[in-house]
Amino acid sequence: MTDYSAITFDVEDDIAILRLNRPDKMNALNAQMRAEITDATIAAARSARVLVLTGRGRAFCAGQDLSDAGNVAALDLERVLRDEYVPMLRAISDCPIPTIAAVNGAAAGAGANLALAADVVIAADSAYFTQAFTRIGLMPDAGGTYWLPRQMGAAKAMGAALFGEPIGAEDAAAWGMIWEAVPDTEFDAHWRSRAAHLASGPTEAYRHLKSALRATWSNDGDTQLDLEAKLQGACGQTRDFKEGVVAFLDKRKPSFEGR
Ligand code: T3D
């Protein structure tokens, strides 16, 4: 699938930019957008060294498309989550290259949790996150009950889920929910610069550190030490490690090829 309409997808200088593209609906997620995000995320892993997810217009993503009340009420939510949301979220969290959610505006419901599936969340100061689910009689899904307590602790996660109040970018950063909040005027240049940094970094080391940091949630200490040894062994076999050491000794910036 390359003929996207609910998103745009471009790759330049090893940076893949996936932009949610339903601005009149605050980039709300419908079946087509979910399928396109899944497809493009898998494509990005083959064609780029970093993936950025962002939104067109004034929102990042308003969660599930609620515009057709009759259809939404008739949805088999369990099926939609299992067949459409889970593959999309797995594609992002299993993506071997670093992923950045550049949150340009409102991130509501599954839209907030789509952002949290990325490795790094960078939000504009005016952006906010809301677990809007309870306002329409639902509970958080799309990975919210997994990521929220891990990122900001049980107390804040429970409050965020129960009240569904907007959490501003600065609070989100202070609470550990996201990596950083950035002034609106600097936002675009800033996430592009972060993406460029990762796109020129040691891609294999990023891949291995991502899998180690994900695995830590279910491993005990001994298992994690064993995993680190194995994955560091693999990093040690890369050209980028050799280049990193030589560059250090030469007192110059390393030129990583990503292998
Ligand atoms: O299995 C399943 O399918 C279940 C999965 C559920 C996952 C979920 O995500 S449930 C949660 C769904 N999302 C929400 O409940 C959020 C709904 N939206 C809002 O609360 C607000 O729109 C925002 C907080 C995101 C932004 O507020 P504001 O005041 O800046 O904008 P607005 O005026 O409310 O919205 C602007 C337009 O976007 C408006 O359309 P109009 O009147 O200009 O034609 C609004 O209807 C539309 N819009 C916003 N969110 C959605 C949406 N249209 C469809 N679906 C939306 N989710």
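How many of the six residues of β2 are buried? I looked this up before anything else: five of them are, so I noted β2 as mostly covered. A reminder to myself is that this is a predicted model.

**Entry: the sheet**

I traced the strands next and found six of them in an open sheet, ordered β1-β2-β3-β5-β7-β10, with mixed pairing. β1 (7-12) and β10 (180-182) are the edge strands; each has a single partner strand, so one side of each lacks a neighbour in the sheet. From one strand to the next, the twist averages 20°.

**Entry: β1 and β2**

I checked how β1 meets β2 and found that they run antiparallel, joined by six bridges. I wrote down two of the pairs: T8 has R19 of β2 as its bridge partner, and V11 has A16. Two residues lie between the strands of this hairpin, and D13 takes a positive phi there, near 50°.

**Entry: β2, α1 and β3**

On to strand β2 (residues 15-20) and its pairing with β3, which is parallel and spans six bridges. R19 turned up again here, this time with T54 of β3 as its bridge partner. I followed the chain through helix α1 (residues 31-47) and noted that β2, α1 and β3 form a right-handed β-α-β unit. I also looked at where α1 sits: it packs on the sheet and touches β1, β2 and β3, and its direction makes about 5° with that of β1.

**Entry: β3**

Why did I mark strand β3 (residues 50-55) as largely enclosed by the rest of the structure? Six of its six residues are buried, so that is a fair description of it. In a regular strand, side chains alternate between the two faces of the sheet. I sorted β3 accordingly: V50, V52 and T54 point one way, L51, L53 and G55 point the other way, and all are buried. I then looked across to strand β5 (residues 99-103), which runs parallel to β3 and is joined to it by four bridges. T54 stands opposite A102 there.

**Entry: the cores**

I went looking for the largest nonpolar core and found one of 50 residues. The residues with the most contacts inside it are I7, F9, L18, I37, V103, F129 and M177. I picked I7 for a closer look; setting aside neighbours within four places in sequence, its contacts include L18, M33, I37 and A40, along with R19 and E36. There is also a second, separate core, which has 15 residues, among them I17, V50, L198 and A199.

**Entry: helix α5**

Which residues of helix α5 (residues 144-152) are buried? I listed G144, W147, L148 and M152. They cover an arc of only 100° around the axis, which puts them on the same side of α5. This spacing made sense to me: an α-helix has 3.6 residues a turn, so residues three or four places apart point the same way. I then asked what the buried residues of α5 pack against, and the list was α4 (110-116), α6 (154-163), β9 (167-168) and α9 (203-215). My last note concerns G153, which follows α5 and has a positive phi, near 90°.

Methods. Residues numbered from 1 in each chain as written. Predicted model: local features only at pLDDT ≥ 70, side-chain atom pairs only at ≥ 80, totals over all residues. Heavy atoms only, no water. Buried < 20%, exposed > 50% of the residue type's maximum accessible area, 1.4 Å probe, protein only. Arc of directions from axis to C-beta. Contact = heavy atoms within 4.5 Å. Core = buried A, V, L, I, M, F, W, Y, C linked by side-chain atoms within 4.5 Å. Pairing = 2+ DSSP bridges. Right-handed = clockwise from strand over helix to strand, strands pointing away. Axes fitted to C-alpha atoms, helices over the stretch in contact; angles between N-to-C directions.
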